[in-house]
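Trainee: I would like a close look at a single part of this structure. Please keep the explanation plain and connected.

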Amino acid sequence: MTAFDPFAGDAPRWFAIPAHRPFLDDLAAGVLDWLGDHPPEVLSDATLLLPNRRAARAFGAALATQASDRPVLLPQVRPLGDLEEDEPPFSPGELGLDLAPAIAPLTRRFEMARMIVEEFAPGMPPMRALELADSLGAFLDSCHIEEVVEPERVAALAPEDMAEHWQASASFLGLAVHAWPKRLEAMGLVDASWRRTKLLRMLAGRWDSHPPQGPVIAAGSTGTVKAAAAVLAAVAKAPMGCVVLPGLDADLDAAAWAAIDEPHPQSALKRLLDDHGVARGAVRPWFRRPVEARVEARGLARQRLIHEALRPADATADWRTEISRLRAEAAAAGQAPDPIAAGLVGLSVVSARTEEDAAGAIALMMRETLDVPGRTCALVTPDLALGRRVAARLERWGVTADTSSGATLDRMPVGVLVDLCARWMAGPMVPQTVLAVLKHELTTLAEATDEAVRTLEKVAFRGAAAEAWTRVVRRLDEAALPRRDGKVASEALLARLGAARVLADRLERLSGTATEAFGPEASLDVAARSLTGLVEAMAGIDVWSGPDGEAAASLLSQLIEAGASLGAVSADDFAEMVRSLLRQQTVRTGGATHPSLRILGAIEARLVRADRMILAGLEEGVWPGPAPTDPFLSRPMRTALGLPSPERRVGQTAQDFVQAACAPEAILVHTERRGGQPAVRSRWLWRLEMLTRGAGVDIERRSPALEVARVLDAPADPRPAYARRPAPTPPVDRRPRELPVTGVERWVRDPYAVYAQRILGLRVMDRPGASAEAMARGDAVHAALQRVVETWPAEIPDNCAVEIERFLHEAMTDRGFDAAAMARERPLARNSARWLADFERQRRARGATLLIEVEGRMTVPSVGGAFVVTARADRIELDANGAAVIDFKTGSTPTARQVRQGFAPQLTLTAAILADGGFAPHSPPTGAGELLYVRVVGRKVPGEVVDVSRPTKADPAGAAEMAEAALEGLKRRIAAFDNPDTPYVSWAAPQFMGNFGGNYDHLARLWEWHVASADEEADA
C-alpha cells in the first residue's frame, strides 16, 4: 500500500494544488509517492498531460529532483496544447490518421492574403492584405477553438441599424468562412487550430466511450479551450485517471465565488467546474510534500492575501470586515497574530522611475541570486523589450539567462542583411545603406576587400550622396588625378582606387539587376526573387543556414510563392513590407545559458517556480495587457456568435500573476514612466496596496536594488572631471610655416584648430551621405560665377539671368544636392541669378580686368624662419585706380569693424599679397582700392555688396592702409608663435565661437571647459 493513491475512490477525480505550492514539484512528489515500492517501469506506463512543452520539460527536471537517487522511468509526458496523432495517448492507425496535415503559419498568412486579393479586394496593397489576413485568421481561430456552430451565421449578425463598418465586416466574414475552407481543401491542408481542436475532441470522445485502462493524469490546465476541457472531464472519469488543477481558491466564500467575472483569476477554473457539474468542494487537495510548518503557514498567508486582494469587485465593499475576520480566525487557530503581515513576508515591490532603471535593478537582483549556490531566479514579464534590456544588463557579468521569447528576425544577422538589401533596392545610391551591406558580418563579396571598401567610403561615399553610379566612378577617377599643387597620386593610392573602382562596378551591376524589375512597381514575387538573388550575391548560398537563415529563407519563399497574386509594390513599399515581416518573425536559437536564471513570458512561466520570482511590467496595458480589439465584430456580434468577451484573456493573465506572486520570494516591479509617458500601475498591484494600506501594513520597498544599480552605472567620481582649456605648446620646428589667408583668420580666432589641422594632421571627414549644406552651396555659387566669367569674359548679354540660373542648378546638382534640397534651392537660385546679372553689368561697366580664382603667395621674413602666406582670390578687378579684392559669401559676412581689428584678415592679407606682387604673372604689384564682400543668398534681399574698406571718421584708413596694418599684425603673430612658450589655445577670440563653428571643438572638449565648468562655477 502507498500513502497516496490519486486513483482511489469513485470517479470523477478532481484535485488541486494551491497557488502557494510549487506545482510541478508537488505533482512529481505525488506521482512518486503513488509509485511507492513498485518497480520503476510501472511509471513508464502512465500518461501525463501538461499544458505546454516547457511545462513538460520542467516536470522531467522536477521528477528527477524529487526522486533524488531513486531510479525511475519517466511517464509519457505530452503537452495537451500540442498533441500529435502519432504519439501516445493516440494509438497508431486508430485515431486521427485520416486528418489532413496542418497548414504552416506563414503559409497560411500568405495564402489567406492571396485569397483576399483574388476574391474580395483586387488591387489591395500587399501589406494591407497581410494585415487583414492576420485579423481574419484570428477570427477563424477563435471560431475553431470555441467550436462555433455554423460560423457563416456571421453574415446576418449586423442589422441595418448598425454602423456601415460592422455591416461590411459581417458581409466579408460571411464570404470568407466559405472561401477559406475551399482553398484549404484544394491544398489538402487544414487550419492548425481546427486540427488541434478536432484531435482533442476525438480523444475526449474515444476516452468517453473506451476509457484508458492505464494511469492518466491531466495536470496544470485550466480548460480554457472547450475541447481540452472535454479531455479533462474524460480523464477525471477514467478508471485510473485524475485531473490536477492549478491554484484553485478553495477558501473564497460562496458569495464571492458566485460573483466571479471574466477578468478574475479564478474565472477559467470556475467555468471548467461549472461546465462539468463539479462542485468546488468536491475538488480534493493533491499530495503535499512535507515542509516546515512556518514555511507552509507563510505560504498559506501569502495565498490568502493575494486571493483577497483580487477578489471580485462586487465583493470588495467589506474589505475591512474581511480583514478583521481573517485576523480573528488566525488568532483563534493559534496562527500568526496578523495573517496580512505574514502574507507580506517575502513579498516586496520595486518602483522604478523608468524602464532602464527597472532593468538595472532586475538584473542586479537576478545576479544576486547566484551568490547562493543552488538558488534559482526567474523573471516573468510579458514585456519583451524589458526582457531584452535585462538580458543585456546581465551580460556585464558574463551571464546569459535562459530566455523563452527568442529574438525577432530583424535583430538577427541574416534578418539584418535581408532588411539592408531590401532597403538598398529602395535606395540604390544611399551611402549609409550600401556601406552597411558591405560591412555586414555575413557579406562575402569577393570584390569587397577591406581596402576597397575603405577607399570607396572615403573617396566616393563621404560627403553629399552621389545621384548615380557614374558620379561615384567620377569621384574615384578625380582622386587619381594630380592635386592642385602638382603632386601626383602614389602607386599604392592608385592600386586602392583601382580596387574601389572594381567594387563600384560590381555594386552597380548588382543594384541594377535587383532594381530593374521596378518600373516603378514590380510584382511582389518578382521583387522577392530579386531580393533573394541580391542577398545570395552578397553573402553566398550558405547565408540560409542556421535558425535565422532558415527563417529568412522560409519568409522569402512564401513571398515568392504567394506574391504574384498580391499585386505590385514600389521599391519603398517592398522594403517597408520586408522590414515589417522580419519584425514579426520570432526565432529561437537555444545555446548555452545559465541553468539558474530564466527570463520568461507570462504564458511560458505557467507552473514554473523558482526560489526568487520577479514579476515585472506591472503597468496597465502591459500586465494586464489591454483587452484585444476585434476589427470585425462588435461585442454584441461576438456574443451572438458564441465567442467569448475580450476580457477573458485578462482573467487568464491574472491567473498567471497569482501563481507567480504566491512564490515564497516574489518581487513585484513597476515603472512610473514608460516610453517617456506616465504609466498607471497594474490593477492587481493597486488592489494589493489598497488592501494592505487598509490593514495598516506596509509592503516592503526594495529600494536598495535601485540604488545599487544606479551606483554601478555611475562614474567612480561623482564630481565630473571637466577638461581644462587646451593650450598645447609644440616645438617651434613643428609649427606651420605656411598658411592660407583663411587659415590665418582661423589662427587669429582659434589657434587650437590650426594646431589640430596643421600640426597633428587631423582632417575633417564628412559623414556618408551628408546633406549639401552651407559650404557645398558656397562652392556651387563660386563654380557658377567662374563659369559666368569664362562664358562672358567681356560683356554680359541682356538675357544672361536664365543662363546663370542654369549654371547654379548644375553646380548644385554636381555637389550632391538631392531633389528635396533642389526644390528649396531653385527659387533662391532664380533670385540670385537675377541679382548677379545686374551685379555683373555694373562691375563690367568699369572696364576692369577680371582675375578669377587666381592664386598668390608672399614670403614674410621672421626670426624663426621665412613664413609663407597664400591666397586664392575669388575675384580681383584691376583698373587704372587700383584693384578691387572681392570675396563671395553665401552666409554671413564679417563686419568692417572685425576686418579693421584684425579678426577677419582674409581680404586685407589678400590685398597685401597683391601689393607685394604675389599674384604674378596674373597681376603686377597693385595697391587695393576696394575690399568687398559680395553676399549672395537669393532671399527677399537676394544679395548685397559690403565694402569693408570704406573710410570712417573713427578710422579713415583705406584699403591699402588696412592691408599694411594686417601684414604688420601677421608679422607680430608669427614672431609671437616663434616663441616656444606661446600656446595654441582653443578659441582665443571666443566672441566668434557661435557663428564661426570649429571642426575641432569636440577634440578641445569645448563644452566642458567653456560651458559645463562655467555653469558649475556659477552654481558654486
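How many bridges join strand β23 to β24, and do they run parallel or antiparallel?

Mentor: The model is predicted, and what follows should be read with that in mind. Seven bridges join β23, residues 882–889, to β24, and the two strands run parallel. One position to look at in this pair is Ala884, which stands opposite Glu930 in β24.

Now stay with β24 itself. The strand covers residues 928–936, and seven of its nine residues are buried, so β24 is mostly covered. Besides β23, it pairs with β25, residues 943–947, through five bridges, and here the strands run antiparallel. In that pair Arg935 stands opposite Glu944 in β25. Strands β24 and β25 form a hairpin with six residues between the strands. In this hairpin Gly938 takes a positive phi near 80°. So β24 shows both ways in which strands can pair: in general, strands of a sheet pair through backbone hydrogen bonds, either parallel or antiparallel. It also helps to remember that in a regular strand the side chains alternate between the two faces of the sheet.

One residue of β24 can be followed into the packing. Tyr933 is in a core of 46 residues, which also includes Leu851, Phe867 and Met962. This core is separate from the largest nonpolar core, which has 97 residues. In the largest core, the residues with the most contacts inside it are Leu136, Phe139, Leu456, Val472 and Leu531. Helix α5, residues 126–145, gives the most to the largest core, with nine residues. Leu136 shows what such packing looks like: among the residues it touches are Met112, Phe172 and Phe632, leaving aside residues up to four places away in sequence.

For comparison, turn to another sheet. It is open and has seven strands in the order β9-β14-β8-β15-β16-β7-β19, with parallel pairing. β9 and β19 stand at the edges with a single partner strand each, so one side of each is left without a neighbour in the sheet. Further in, β8 (residues 377–380) is joined to β14 (residues 594–600) by four bridges. In that pair Ala378 stands opposite Arg598 in β14.

Strand β7, residues 347–352, has five of its six residues buried, so it is largely enclosed by the rest of the structure. Six bridges join β7 to β16, residues 666–671, and the bridge partner of Ala352 in β16 is Thr671. Two bridges join β7 to β19, residues 700–701, where Ser348 stands opposite Glu700. Both of these pairings run parallel.

Last, a look at the surface. Trp397 lies in the loop between α15 (384–394) and β9 (401–403). Its relative accessible area is 30%, so Trp397 is partly exposed. Together with Val708 and Leu712, Trp397 makes a nonpolar surface patch of about 230 Å².

Notes:
Residues numbered from 1 in each chain as written. Predicted model: local features only at pLDDT ≥ 70, side-chain atom pairs only at ≥ 80, totals over all residues. Heavy atoms only, no water. Patch = residues over 30% accessible without salt bridge, like charges linked within 9 Å, V, L, I, M, F, W, Y side chains within 5 Å. Areas by Shrake-Rupley, 256 points an atom, 1.4 Å probe, with all protein chains shown as cover. Salt bridge = Lys/Arg side-chain N within 4 Å of Asp/Glu carboxyl O. Buried < 20%, exposed > 50% of the residue type's maximum accessible area, 1.4 Å probe, protein only. Core = buried A, V, L, I, M, F, W, Y, C linked by side-chain atoms within 4.5 Å. Contact = heavy atoms within 4.5 Å. Pairing = 2+ DSSP bridges.
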